[in-house]
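Got the viewer open? Have your selection tool ready, and we'll go stop by stop.

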Amino acid sequence: MRNIGVLALQGAFKEHIKIIKSLGHNAIEIRNADQLEGIDGIILPGGESTTMGKLLVDFNMKDILKSKIKNGFPVWGTCAGLILLAKEIEGYEHSHLSVMNIKVKRNAYGRQLDSFITNEKIPKVSEKEIPLVFIRAPYIVETAENVEIIHKLEGNIVAARQDNMLATSFHPELTNNTCFHEYFIKMMGVPVENSKKCVSSF
Ligand SMILES: NC(=O)CC[C@H](N)C(=O)O
């Protein structure tokens, strides 16, 4: 059993909490820097990256979280969370935690595709198709060599991993498919307690 934190300053954190609990681990809403000490990994949820990035600074969490991640602390950013992890954000001078060697494009799917859902096969995560929910989503436009591309959708990178860091453009917490959560838990080096049997080639 692990203590998995979900950053709860803003955005879609409740849904992540529910899934982590269903997989047999402790899920903790993280709202201050002290709480970062009691957890084994953290999920940065979807929401609004500019707001979340600002709140991380206001609550004195940014530097602590950044140095923990640099030292191997497992982290998974979904959607806005992916933007928080990126070292570069296209069209912006400023980045947030700046830990992952990726360049991202915000709101990358034009107006018509603002939000959509699609089913994809992602062999690294599951043998079966997984529903992917995109909401004003970013995608990754560039990666360094040490970044593993987990999935591309129509040529654009939408899931990637660099060592202890996982980033997805979409929202697995808004579906009832737990495969990405299971993948993240395995990244933390522990077996999933109540596996929903995602067969991955992890
Ligand atoms: N669903 C999301 O997390 C959207 C991300 C948002 N468009 C941003 O740029 O921060």
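Start by selecting helix H2, residues 49-58, and show what packs over its buried residues: S1, helix H3 (62-70) and helix H4 (80-85) are among the elements in contact there (contact means heavy atoms within 4.5 Å). This is a predicted model, where local features need pLDDT of at least 70, side-chain atom pairs count only at pLDDT 80 or more, and totals for chains, interfaces and linings use all residues. Residues are numbered from 1 along each chain as its sequence is written, and side-chain values use heavy atoms, with hydrogens and water left out.

Now colour the buried residues of H2: Ser49, Met52, Gly53, Leu55 and Leu56 (buried is under 20% relative accessible area, with a 1.4 Å probe and protein chains only). They sit on the same side of H2, because their arc around the axis is only 160 degrees (taken from the directions from the helix axis to the C-beta atoms).

Next, go to the start of H2, where a side-chain oxygen of Glu48 comes within 3.2 Å of the backbone nitrogen of Thr50. After H2, click Asn60: its phi is positive, near 55 degrees.

Last stop: select Tyr109 and Phe134. Their ring centres are 5.5 Å apart and the planes meet at 70 degrees, so this pair is edge-to-face (rings of Phe, Tyr and Trp, using its six-membered ring, pair with centres within 6.5 Å, and planes over 60 degrees apart count as edge-to-face). Tyr109 lies in the loop between strand S6 (100-105) and strand S7 (115-121), and Phe134 is in strand S8, 25 residues apart. Phe134 is buried, at 1% relative accessibility.

How values were computed
Buried < 20%, exposed > 50% of the residue type's maximum accessible area, 1.4 Å probe, protein only. Helix = DSSP H or I, 4+ residues; strand = E, 2+ residues; numbered from the N terminus. Polar contact = N/O pair within 3.5 Å; in protein donor to acceptor, adjacent residues only side chain to side chain. Phe/Tyr/Trp six-rings, centres within 6.5 Å; stacked < 30°, edge-to-face > 60°.
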